[in-house]
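Let's take a walk through the pockets of this one. Have the model open and be ready to turn it as we go.

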Amino acid sequence: MFQRLSQKETAIGNFRQKETYGLSALMESDFFSNLLPYEKKILADHAEIIALPKGDVLFSPGDKAERIYLLSSGILRIFKPLDGGTDEEIAYFTPGDLIGDFDFARGARYNAQAEALENSSLVMFPRYGLTMDSFAQEMPGIAARLLLNSAAMVTERIKSTRKLIAENISLVRELHRKAYEDPGTGLWKYTFLADETDRILEEPMALIMIKPDRFKVLVDSLGHAAGDKAMLQIARVLKSFPYRLGRGWALRFRSNETGILINKCSAAEAESLAHSLSQAISALAPIPLATSDVSSHAAFSFSASIAWGIWPDDNRDWQTLTEGLYDLLMEVWKDGGNKIVRYKGGC
């Protein structure tokens, strides 16, 4: 962890100049704006310089944000540790950057880790051994104005973020689409459904899953490229349904298991959509197989196994519904396919 710099260390080289500059720079930051000069001097007296050796951690996920820091020298890396030993990179801080001000202003806990990539020094407020509560008891007027500044900063940052999003709404939509788009078909990935379930569920919600029949015959004869092209044709059919209805999503679940999710869809409408989907897939042009193919079929004809269900009618637990629907789809497919069945899991 960080180390406090002693009086002897501050006498080495020009560190006292660095210390004076660092404290001054911290007091001139936005966080301490609108304070009077004498108030800034008092705050500077309650701050200190700390050293963070290379590889040491300044804060970790779950730590309460009780201080703010100004990086005087070095580089800090901010990241989220993930399962499996991987990290999600968030930001890199260089000299002059203020660290932790937003979390400190909100009285939040950090959701990331800060680590020194090289020997670094920072100005810290309040200093080691002092808390905002104890500072408020000592200097209630300054503490009140500081907290008012922090509240204004949080409000302004939220407003700025909203303005940025509003001004770049098409970009935000594009980034959202790319994050969840299956690159092979242009369908929504299953992760979209998993991540957005709470937001998009609207009763009644129809989930219709499909799996093309005899797909292995096509791939064995013409290769995976032919299978990819066939999936593109199926994807175009799937996309046409939400487009025509003006609501819903076309999804890719796993390998060649796809489907549509339609909100505010009754059981009668869902059953009609399942039959229309089956007919549309069967109407796709057959694909001639290789002449050397020993199969009894000269061409691959499209058909699909289809399973559908309604949330919450067929099961109030969404996860149970999707898993049961998938299991039913696989049963129908293994039984010969080209069939439409409804999942009835019970509530």
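α5 is the top contributor to the lining of the largest pocket, giving three residues. Keep in mind that what you're looking at is a predicted model. If you want to find the helix, α5 runs over 132-138, and it shares the job with α4 (101-106) and α6 (140-167): each of these supplies at least two residues of the lining.

How much space lies in the largest pocket? About 280 Å³. The lining counts 14 residues, and those closest to the pocket's centre are Lys64, Ala65, Glu66, Phe104 and Met132. As for chemistry, the lining of this largest pocket breaks down into seven nonpolar, four charged and three polar residues.

Now turn to the second largest pocket, with a volume of about 230 Å³. Here 15 residues make up the lining, with Phe59, Ile78, Phe93, Gly100 and Asp103 the closest to the centre. Strands come into play this time: β5 (76-81), β6 (87-93) and β7 (98-99) each give two or more residues to the lining, and so does α4.

Which element gives the most to the lining of the second largest pocket? That's α4, with three residues. So α4 is one to keep on screen: it also supplies at least two residues to the lining of the largest pocket. By class, the second largest pocket is lined by nine nonpolar residues, four charged ones and two polar ones.

Technical notes
Residues numbered from 1 in each chain as written. Predicted model: local features only at pLDDT ≥ 70, side-chain atom pairs only at ≥ 80, totals over all residues. Heavy atoms only, no water. 1 Å grid on protein atoms, 1.4 Å probe; cavity = no way out; pocket = protein on both sides within 12 Å on 5 of 7 lines; lining within 4 Å. Points joined across faces, edges and corners; volume = space filled by probe spheres on them. Helix = DSSP H or I, 4+ residues; strand = E, 2+ residues; numbered from the N terminus. Nonpolar A, V, L, I, M, F, W, Y, C, P; charged D, E, K, R; others polar.
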